[in-house]
Amino acid sequence: MGHINVEIKARCPDPQAIRETLQARHADFRGVDRQIDTYFRANRGRLKLREGQIENSLVYYEREDQTGPKQSDVMLFPSTPGSALKEILIRSLRILVVVEKQREIYFIDNVKFHIDTVKGLGSFVEIEAIDADGSFGKDKLLAQCRLFLELFKVAPEDLVAGSYSDLLLSGLRNNDNPNATTHTAADTTKTS
């Protein structure tokens, strides 16, 4: 089943300041997850398989690439590590790019926070105001994101429009990101 998020992604020069702000507001710390997100070539939106110790899902989402708060229409399908799902996706769709990250996960009510360290990209903070059942509405979600944007003192120049996959692919196209992990058609016959 799908739901609506309003999201913000920003570069994070001081992750400790974000942690302290979350702790001061009694955020629920869910843990640190080492995640591998495998993005597949999709005709529309973005499709990724997330593999972690805490979160494991096939995720499809559509979102405008813009800085600041943006709506994301998300569909999640829980996955089981080690199942045939990844192999099926690789053979049928081919891999676009792989994003490796360490993610700290926090919640305050319906708002989820990530402090991410992304291989080849650096540190980021994400704010996701989630309306899982339609009870909040887009305006309330936007207000929640803006509140935390101010509390975290995110500079406008640190806001990121696209996904980590876009940043890695852009770096590869510009040949300035030697740490990015990508896969080509030749990689479609085996999984990692």
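Me: Which element gives the largest share of the lining of the largest pocket?

Reply: β1 does, with five residues. β1 is a strand (E, at least two residues) in a DSSP run, numbered from the N terminus; helices are runs of H or I, at least four residues. A pocket is an open set of points on a 1 Å grid over the protein atoms alone, where a 1.4 Å probe fits, with protein on both sides within 12 Å along at least five of seven lines; lining residues have an atom within 4 Å of a point.

Me: What kind of model is this?

Reply: This is a predicted model: local features need pLDDT of at least 70, side-chain atom pairs count only at pLDDT 80 or more, and totals for chains, interfaces and linings use all residues. Residues are numbered from 1 along each chain as its sequence is written, and side-chain values use heavy atoms, leaving out hydrogens and water.

Me: What makes Lys9 and Glu126 a salt bridge?

Reply: Their side chains meet at 2.2 Å, N to O. The pair qualifies because the rule asks for a side-chain nitrogen of Lys or Arg within 4 Å of a carboxyl oxygen of Asp or Glu. Lys9 is in strand β1 and Glu126 in strand β8, so the bridge ties together parts 117 residues apart in sequence. Both Lys9 and Glu126 are buried (under 20% relative accessible area, 1.4 Å probe, protein chains only; exposed is over 50%, partly exposed in between).

Me: How many salt bridges does the rule give?

Reply: The count comes to 18. One network of salt bridges links Asp37, Lys48, Arg50, Glu55, Lys101 and Lys112.

Me: Why is Lys86 called buried?

Reply: Lys86 has a relative accessible area of 9%, so it counts as buried. Its salt-bridge partner is Glu51, with the closest N and O atoms 3.0 Å apart. This pair links distant parts of the chain: Lys86 lies in helix α2 and Glu51 in strand β3, 35 residues apart. Glu51, at 25%, is therefore partly exposed.

Me: Is the Arg30 and Asp28 pair buried, partly exposed or exposed?

Reply: Arg30 has 45% and is partly exposed. Asp28 has 38%, so Asp28 is partly exposed too. Their salt bridge has its closest N and O atoms 2.7 Å apart.

Me: What stands out about phi of Asp109?

Reply: Phi of Asp109 is near 55 degrees, a positive value in a residue other than glycine. Most residues other than glycine have a negative phi. Asp109 sits in the loop between β6 and β7.

Me: Why is Asp109 called exposed?

Reply: Asp109 has 73% relative accessibility, so it counts as exposed.

Me: Where is Arg94?

Reply: Arg94 is in the loop between α2 and β6. Its phi is near 75 degrees, again a positive value. At 36% relative accessibility, Arg94 is partly exposed.
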